[in-house]
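Biologist: Thanks for sitting down with me. Could you walk me through this one, starting with how the chains meet?

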Amino acid sequence: MSNKYADRSHVVRIIFIVVFVLFVGRLAMLQLFNSEYKERADRQSLLNITQYPARGFIYDRNGKLLVHNEAVYDLMVIPRMVDDLDTNLFCQCLGITLDDFNERMQKARKYSPYTGSIFMKQISKEEYAKFENKMFRFKGFYISQRTLRIYDLPIAAQVLGYVGEVNDADLKRDSYYALGDYIGKSGLEKSYEEVLRGIKGKKVIHRDVHSREIGPYRNGMFDTLPIEGCNLYTSLDADLQAYAEDLMSNKRGCVVAIEPSTGEVLAMVSAPTYNPNLLVGRIRGANYVMLNTDISKPMLNRALLGEYPPGSIFKVAQAMIALDLGVISPNTGFACDKSLVGCHNHPSARSVREAIKMSCNPYFYQTYKRVIQQGKYKNYNKDAQYGLTVWHDYMMRFGFGQKLDIDLPKSGMSTGNIPDTAYYNNTKRWYGKDRWNFHTIRSNSIGQGEVTVVPIQMANLAAIVANRGWYITPHVVRFYGNDSIQDEKYRIHHETGIDKKYFDIAADGMFDVVHVAGGTGRRARVDGLDVCGKTGTAENYGNDHSVFIAFAPKDNPKIALAVYVENAQGGGGSWAAPIAGLIIEKYLNGEVKRKDVEKQYRECNPCQKLPLTRRVKKKK
Amino acid sequence: MYQEKLKYDWLTIGLYFAIMLFGWINIYAAGYSEEHAKVFDFSVQHGKQIIWMGVSLLLAAVIILTEPRVFSNTAYAIYGIVLGLLILTLFLAVTVNGGKSWIDLGFFRFQPSEFAKFATALAVAKYMSAIDIDMKNLRTKMVVAALIAIPAALIFLQHDTGSALVFIGFILPLYREGLSGKFLIIGVTAIVLFVLALLVDKFILLGALAAIAVLYLFVWLNKRTSRDYWHTIAVVACCALFVFSVDFVFNSVLESHQRERIDVLLGKSDDTKGSGYNVDQSKLAIGSGGFIGKGFLNGTLTKADFVPEQETDFIFCTVGEEWGFVGCVALLVLYTLLLQRLIVMAERQRSTFARVYGYAVASILFIHLFVNVGMVLGLVPVIGIPLPFFSYGGSSLLAFTILLFIFIRQDASKNQLL
């Protein structure tokens, strides 16, 4: 009887096997083919706390601190962990109302009940100290230390830029950032963002079912320490920058000063400017709106963004091109024929040197005509096509008509305009192919017409003459980090390809501008210094712009600069030249002895009245 | 009397040790905390479990040294004593987790229901081993049913539904001894209908049943007798009656927490903070383990006490989280090997008593495994019963050890002449 049903053992054994297979299948479903469980498990038992690195400091060329950080505290909340909260005390500590509290909690809950989000940001050290000892009573809240920028000197706002919260585009572009993080929005803060920001650290905290902290997850195996951002060592001279900004107060315009031998920017002023500390912390929002709606556009960096007609400073480049082409010789003279183009009263120039000194318009009319109409083609219009192409190539080698590869955000930069054949051949805007020649574009000869130049390019022109034919791309940062990393591209000499001897002529002419009777920029003179300069008066819709480029000393120049004063009454000699002289004096002598001159130019508003110096001199 | 040397089934004993040790490792992990990291810390569960393991081994040794016929001779006596204890429990019990199945002896709280399993197994085996027994006989069926139902009912009265349900497992040894297979089919059908009745509209369900009956009669059967018609109609009628009684059972017999657990299982409720919390956390813990697990003592949910009852009924989560798919399958393989081995052993017994008892052991272990792991994996509603040899708990470890070793002892002397 016992074996009558022995076969039934197989049924029982099969039942056991079926259940085994069922379980293995279910386990595979849970553990192998579904990542949702893992994510949810991590979310509820682990808490990622980001540790923010200190942003790199910024120094000037003499080691003076321009930007550093200050610790602030973000109060974070994990809504699920908030328990047994004395709301009254809490609101009192933070100085918020109950409605405000509820609103903030609602927002945090919406973000995520399990993970931390910002409840209140940028609480200062002093504010935090008031309730630090009560923090243990606020379950579910914790402090995340952040840093805010402090701009030690209220200068160079547009160069340094500002830091703000990341936007959606930033988040999408770079996974480094999380909502609420800070990022450089303009200036050096933006262009050196990846150098300055450092590397975030992470702390993974294991918490239990009651959201109590158990300790570091896996003994901190996944924790990383934040790595501080690299410091930037800029080429700016804080004293010079401050001085130039001071001189440019009450004016619109800009100053760019470069060390010619290195291309290092010594000062970059855009007036009007603002105190960079306005765009820091909780006051940033309101101030941003204020600055952004100001019609004088203080947040624009005019030195990089402003496209201006260069005026007569352009004649220096024109002369070099014509000499190099051989269409004129150093001793070529042209009569000052005012029937061609207007000019001021002066004797006719008998050489290139004299032409630069006196800034003779007809002289450069003739010169440019010889460059454009070289007589290579019988057809006058075709000939102009050829001439303009040659001329355009030269101009590009001077760094005009393109964004100089400076280490500031490319978006805040203009190219300026050096018209080429395609430009004039464009029928929609201009004349059409073979329908133009020198006479249609003659205004370019004296830096008017279609030519526009950005101030940094003007300063670069001064540097090219100072170097007698080459330049290094202007840049603001000399090196960064502890390893003094330097960018190789800022060591390359960009040659104009024009013989040095012609530049010596230009330098002589520019010396005469400042030092010889009949020179147009004599107010740039500084006793004991051989300042070389060139004035420009750029006609435009309003009052003329006053322009001056200069370098000094004449041999082994230490500074080359461009000063541009918008809508000044009077030419380049009356406003920009004396300001350039003061800046050079400040930089080369360390201090300015001519306090009266300094005072006049700082306090006067060029739009309202003529410079006092003229009257003072008349009295003499 | 010729006496052959005793042959112990070392494979079974080895599996027993393997499961028990792996179980202890997971109890250690589930209750782990820095201040109680020592292995012999008797103030915490993993330390206490070491004591229980020692006591269990002692008991196992005692059983091994006992003449096997002692168990068959005293089967009814043991059964009677346990029934007495169960009745006593109804009056003396302390309440633990809503159940009234624990007797407090001062130094040790124990659960008579755990011991009712092997006592019933002994009694059923004893009864079945009588010479004139035939499972076709209605009287036999009634007596066996009573032997099983009485302790089950007493345990049910203690609000320990899980332990009471374990007695369903006795259907397998009875099936092996000749109980009609229809009972197995009826049992499975009842469960399926119960679930469907809760999920599907009753009239649709009845329509489907009728359709199946029609298909059965006119497609499946080639020749139809009037008996076939009457049988089919009777079956459908019974099913219909059952389906309509489901609502009554569900709403009036079951308690509210049991209803909620079934609702959670069937996906009708996804209250992951209330009644569904346990299973949800359990699935999270297991699911987050992945293929190889997070490693010993590295289970983030385990360490953070997210899963309640993790040392006892939900111990399988720990395996899932820390040892991953690999560990879970390994444990299931151990159990399946043990179950298969027990059936092989039962089939080689000469005495009906030993065979029935062997089947009872395998079935009881199987039901525990099925219900416990099924619950943790979210396949079976939450029913609190331990994982044999694995969960923390003195009573259950002792009772399972006794259950298993009585059979090992029987098996060792199977070739002795009786």
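**Chains, sheet and helix pair**

Modeller: Happily: 39 residues of chain B are in contact with 32 residues of chain A, contact being C-beta atoms, placed from the backbone, within 7 Å. This is a predicted model, where local features need pLDDT of at least 70 and side-chain atom pairs count only at pLDDT 80 or more, while totals for chains, interfaces and linings use all residues. Residues are numbered from 1 along each chain as its sequence is written, with chains lettered from A and ligands numbered from 1 in the order in which they are written.

Biologist: Which element gives the most to the side of chain B that touches chain A?

Modeller: Helices here are DSSP runs of H or I with at least four residues, and strands are runs of E with at least two, numbered from the N terminus. Those giving two or more residues to this side include H8 (171-176), H13 (277-287) and H16 (352-376) of chain B. With 11 residues, the one that gives the most is H15(B).

Biologist: In the open sheet of chain A, which strands stand at the edges?

Modeller: The order is S12-S11-S18-S17-S16 in chain A, with antiparallel pairing; strands pair if DSSP finds at least two bridges between them. An edge strand has a single partner, so one side of it is left without a neighbour in the sheet. That describes S12 (264-271) and S16 (532-538) of chain A.

Biologist: How many bridges join S16(A) to S17 of chain A?

Modeller: S17(A) covers residues 545-552 and runs antiparallel to S16(A). One bridge partnership sets Thr535(A) against Phe548(A) in S17(A). The number of bridges joining the two strands is 7.

Biologist: Are H2(B) and H17(B) roughly parallel or roughly antiparallel to each other?

Modeller: H2 (residues 45-65) and H17 (residues 394-412) of chain B pack at about 25°, their axes 9 Å apart. Axes are lines fitted to C-alpha atoms, for helices over the stretch in contact, and angles run from 0 to 180 degrees between N-to-C directions. Angles under 35 degrees count as roughly parallel and those over 145 as roughly antiparallel. The two helices are therefore roughly parallel.

Biologist: And how many residues of the contact of H2(B) with H17(B) are nonpolar?

Modeller: Among those meeting are Trp52(B) and Leu59(B) in H2(B), and Leu398(B) and Phe405(B) in H17(B). Ala, Val, Leu, Ile, Met, Phe, Trp, Tyr, Cys and Pro count as nonpolar, Asp, Glu, Lys and Arg as charged, and the others, Gly among them, as polar. Beside 3 polar and 1 charged, the nonpolar count is 12.

Methods:
Contact = placed C-beta atoms within 7 Å. Parallel < 35°, antiparallel > 145°, perpendicular 65-115°, else oblique.
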